[in-house]
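This report covers strand pairing, burial and salt bridges. Please keep the structure in view while reading.

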Amino acid sequence: MASVLIVEDEPKLASILVDYLTQSDYHTQWVDHGNAAIEAVHRYQPDVILLDVMLPGKDGMTLCKEIRQFSDVPILMLTARVEEIDRLLGLELGADDYICKPFSPREVVARVKAILRRVGPKDSDGVSHTGFSLDETKFMVAYNGVQLELTVVEFHILKMLHREPGRVFSRDQLMSGMYQDNRIVSERTIDSHIKKLRKKLLTLDDSLELIQSVYGAGYRFMT
């Protein structure tokens, strides 16, 4: 049973979400304060997080950035402020989707289902059923039991692409995600990292061409 962590300070809304998700066979946990969210993510290891933007303590945007430092868990942002949508979808936040208040609880359940379908099922140890998995604690990738060590930058590039299969990431987006200190990095640097990463992945399986170039746009991960 997939689990959903709800980070929402409105008890009535949170209760409705718990009810609808439970009826759809999801296991739920709820926290009502931003300062309790990070601990809850570590404790409950949810499959999806519903994260309100406006929270007491740490706000949702800050929390999204912090969660992305240690987890790829899908995050669905909840917001009542339409003007924040562009920021919510920005790579610097790492959110997977957003939904505007007021919303239908059924739509939230549908979005959760869609996110889980996109991410795909995982075994209890986090290994994808496709045989491909990432180990964030060791900066290693494994394919059908064969492990490969990557550099920190290579790992984070692969993690970004792997998190959303099929999505095309521009070089600028990849650079923004790789380097949080706003350093100036050329597009050729990203291309060089991608080239080395592809070469390493081929050592796992010489037919494993997971990272595709999209002419004039960037790169995408294809399973």
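Buried means under 20% relative accessible area, exposed means over 50%, and partly exposed lies in between. D191 has a relative accessible area of 25%, so D191 is partly exposed. The model discussed here is predicted.

**Strand β4 and its neighbours**

Strand β4 spans residues 75-79. Five of its five residues are buried, so the strand is largely enclosed by the rest of the structure. In a regular strand the side chains alternate between the two faces of the sheet. Both faces of β4 are covered. I75, M77 and T79 are buried on one side, and L76 and L78 are buried on the other.

β4 pairs with β3, residues 48-52, in the parallel sense. Four bridges join these two strands. I49 has I75 of β4 as its bridge partner. Between β3 and β4 the chain passes through helix α3, residues 60-67. This β-α-β crossover is right-handed.

β4 also pairs with β5, residues 97-100. Here too the sense is parallel, over four bridges. L76 stands opposite D97 of β5.

**Salt bridges**

Side chains of opposite charge can pair when their charged atoms come close. The structure holds ten salt bridges. Three of them are listed below, with the separation of their closest N and O atoms.

| Salt bridge | Closest N and O atoms |
|---|---|
| E8 and K101 | 3.1 Å |
| R43 and E39 | 2.5 Å |
| R171 and D191 | 2.7 Å |

What does the salt bridge between R171 and D191 tie together? R171 lies in helix α7, residues 171-178, and D191 lies in helix α8, residues 187-204, so the pair ties together parts that are 20 residues apart in sequence. R171 has a relative accessible area of 22% and is partly exposed. D191, at 25%, is partly exposed as well.

Salt bridges with shared partners join E8, E10, D52 and K101 into one network. Within it, E8 and K101 form a salt bridge, their closest N and O atoms being 3.1 Å apart. E8 sits in the loop between β1 (3-7) and α1 (11-23), and K101 sits in the loop between β5 and α5 (105-119), so this pair ties together parts that are 93 residues apart in sequence. Are E8 and K101 buried or exposed? Both E8 and K101 are buried.

R43 and E39 stay within one helix, α2, residues 37-44. They are four residues apart, about one turn of the helix. R43 counts as exposed, at 52% relative accessibility. E39 is partly exposed, at 47%.

**The sheet β6-β7-β8**

An open sheet of three strands runs in the order β6-β7-β8, with antiparallel pairing. β6 (132-135) and β8 (146-149) stand at the edges, each with a single partner strand, so one side of each is left without a neighbour in the sheet. From one strand to the next, the twist averages 20°. β7, residues 140-143, pairs with β8 over four bridges in the antiparallel sense. M140 stands opposite E149 of β8.

Helix α6 packs on this sheet and touches β6 and β7. The direction of α6 makes about 130° with that of β6. α6 spans residues 152-163 and contains H156. H156 counts as partly exposed, at 25% relative accessibility. H156 and E136 are 20 residues apart in sequence, and their C-alpha atoms are 9.1 Å apart in space.

Conventions: Residues are numbered from 1 along each chain as its sequence is written. This is a predicted model: local features need pLDDT of at least 70, side-chain atom pairs count only at pLDDT 80 or more; totals for chains, interfaces and linings use all residues. Side-chain values use heavy atoms; hydrogens and water are left out. Buried means under 20% relative accessible area, exposed over 50%, partly exposed in between (1.4 Å probe, protein chains only). Two strands pair if DSSP finds at least two bridges between them. A crossover is right-handed if, with the strands pointing away from the viewer, the path from the first strand over the helix to the second runs clockwise. A salt bridge is a side-chain nitrogen of Lys or Arg within 4 Å of a carboxyl oxygen of Asp or Glu. Axes are lines fitted to C-alpha atoms, for helices over the stretch in contact, and angles run from 0 to 180 degrees between N-to-C directions. Contact means heavy atoms within 4.5 Å.
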